[in-house]
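Please open the structure in your viewer and keep the selection tool at hand. The stops below say what to select next and what is there.

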Amino acid sequence: MFKSRTFEGENIPKLTKWLYCSSGMFRDLCYQFVSMFLLMFAQYCGIGSNENYVAMYSVITVIIIILRIWDGFNDPIMGFIVEKFHFKSGKYRPWIFIGAILSSIVTVAMFWLPVHGWAYVAMFGVLYFLWDFTYTMNDIAFWSVLPSLSDKEKVRANLTTLLSIFVSIGSFAAGGLVPILSSAMGYTISYKIFSLIASILYCLSQVILCIFMKERKRDAANDESSEKMKFSEIFTVLKDNDQVRSSIIGILLYYTGSSVLITLGLNYFYFNFGYSAAGTYQLYFTIIFAISTLLGQAMFPILTNKFKLSKMKIFTISSITTIIGYVLLFAYVFLDPRTFFPLMCAVGFVVFLGQTLISLILYIMIQDSIEYNEYKFNKRRESAVFSLRAFTAKLGSSIQQLVLYFSLLAGGLYAISNRISQIEQEAIAQFGDNASKVGDYVRPLADEATSNIELWQRVVYHVGFTVVPCLLILACFIWIKKTYKITEESHSSMVKELENRHKMNQENLEVEQNTDE
């Protein structure tokens, strides 16, 4: 498929570094669009106005949860396949390519379904399963590349930071642009257009990456070990490697908590600021999210290199400030949302800055646990470890959907979703794909639908929006502090030992080759 392209040593080729990191922007643009807005699309467009609306939405929620649980098995299976079966053109590039092509096609199909009601629910289940399966191919291989490019913690930390910046830009673009387009054009038209653009950019970026990227030349002993790997070893890694287990559970708690805020935030702006104004306020909040996240990513190398702060020290400070921020964010529910919006932005800045640093630390921790695994068991298992990371993300997403479902149900807010869905259908039936006329028709009627929410409904929804993530971030902090033991010094010592082992393996291989000749 592609020519074999490799490099040796710790210096990552510049083209590989920048292509790999920048392509993460378009991957995340597409992924975040699906992750954040597919359920919104189903909620306001796909199901359509129907007397069985709550039942249909409930079935879709169950479908998502079941498929995310299935994904708990799918990710390790894909991790095993990537780890064990290698192509001449590379270990990771073929899977990145295949997964990107297929998942981009399915992404478009999910937002262009021409049906509503129970037919939509059935097709949603089929396409979501296909999307999850195909995207996992790309996801496991893409993230497995990260720890394989270098063993040096500082090199990898800088690479992680650069990748995180591009990933964040993709996330900001999806989170900021889609609500604005939705308010202007209505959900149906805007989501269709964005799904097509996001899928094309995602697919092209991954194809270009696969053509020009170089993979690092693999250690012969590790390669042989990977090809002999058994599927059960994925779970053995989790069972035997206490540091993998520590970082995986920490990531699960963190990811679930941080993403609950985002998942519930989409409806939050409609319920608190009204349909027409929601996109504008969400854009401002997304800008705060972007600034704080990029600042956190820029601060990280300064904190570690210039101020010599350990990753555990940064993790502790960031966790405490994030928890305090969530407490203040909950108190905001008793204030007028528009009058005190600058206060919400200020508190959100603190929360997002803290979460960014926590996220970077946790990703470095899980990468360091790979060297720990090789040091202790003579097996790296990048794909196996990162399939477990992907599993935590999907499991966390299942929990998010439950929190969203019960927050909407307990707050009595499904009637509003059903009414907006009815308005969307009426507009499309009357004006077709005329985005301007659809938007003009939908906005005043949707504003009326979102104007009668009572304080108790806002409080109930706010519990899911702030209290749940606060408790999960607190649990993550306590867990990591008690279980994670790899320090910068111990990791450096492990890497030196592994370098000596690799050198000996190479010398032994050369001796064997000379003997055979």
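Begin by selecting every cysteine: a search of the whole structure finds 0 disulfides, a disulfide being counted as a pair of cysteine sulfur atoms within 2.5 Å. In general, a disulfide is a covalent bond that joins the sulfur atoms of two cysteines. The model is a predicted one, in which local features need pLDDT of at least 70 and side-chain atom pairs count only at pLDDT 80 or more, while totals for chains, interfaces and linings use all residues. Residues are numbered from 1 along each chain as its sequence is written, and side-chain values use heavy atoms, with hydrogens and water left out.

Why does Cys45 form no bond with the closest cysteine sulfur? The closest cysteine sulfur to that of Cys45 belongs to Cys30 and is 18 Å away, too far for a bond. Cys45 is also buried, with a relative accessible area of 4%, where buried means under 20% relative accessible area, exposed means over 50%, and partly exposed lies in between (1.4 Å probe, protein chains only). Select Cys476 next: its sulfur has its closest cysteine sulfur in Cys470, at 12 Å, which is again too far for a bond, and Cys476 is buried at a relative accessible area of 2%.

Now move to Ser103, which sits in helix H3 (residues 93-111); helices here are DSSP runs of H or I with at least four residues, numbered from the N terminus. Ser103 counts as buried, at 0% relative accessibility. If you leave aside its neighbours within four places in sequence, Ser103 is in contact with Trp131, Thr134, Tyr135 and Tyr202, contact meaning heavy atoms within 4.5 Å.

The next stop is the enclosed space. How many cavities of 30 Å³ or more does the structure hold? There are 5 of them, a cavity being a set of points, on a 1 Å grid over the protein atoms alone, where a 1.4 Å probe fits but cannot get out, and its lining residues having an atom within 4 Å of a point. Grid points are joined across faces, edges and corners, and a volume is the space filled by probe spheres set on the points.

To find the largest cavity, select Asp28, Gln32, Val167, Tyr255 and Tyr363, which lie nearest its centre among the 39 residues that line it. The elements giving two or more residues to this lining are helix H1 (14-46), helix H4 (117-148), helix H5 (153-185), helix H9 (242-273), H10, H12 and H13. The largest cavity holds about 880 Å³ of space, and its lining has 18 nonpolar, 16 polar and 5 charged residues; Ala, Val, Leu, Ile, Met, Phe, Trp, Tyr, Cys and Pro count as nonpolar, Asp, Glu, Lys and Arg as charged, and the others, Gly among them, as polar.

For the second largest cavity, with about 200 Å³ of space, select Met36, Ile262, Phe285, Thr286 and Phe289, which lie nearest the centre among its 15 lining residues. H5, H9 and H10 each give two or more residues to this lining, and H9 gives the most, with 5 residues. By class, the lining of the second largest cavity has 10 nonpolar, 5 polar and no charged residues.

Finish at two loops. Lys308, in the loop between helix H10 (275-306) and helix H11 (311-331), has a positive phi of about 55 degrees although it is not a glycine, and Lys308 is exposed, with a relative accessible area of 60%. Asn378, in the loop between helix H12 (341-377) and helix H13 (382-410), is likewise not a glycine and has a positive phi of about 60 degrees, while at 48% relative accessibility Asn378 counts as partly exposed.

Note on methods:
On a 1 Å grid over the protein atoms alone, a cavity is a set of points where a 1.4 Å probe fits but cannot get out, and a pocket is an open set with protein on both sides within 12 Å along at least five of seven lines; lining residues have an atom within 4 Å of a point.
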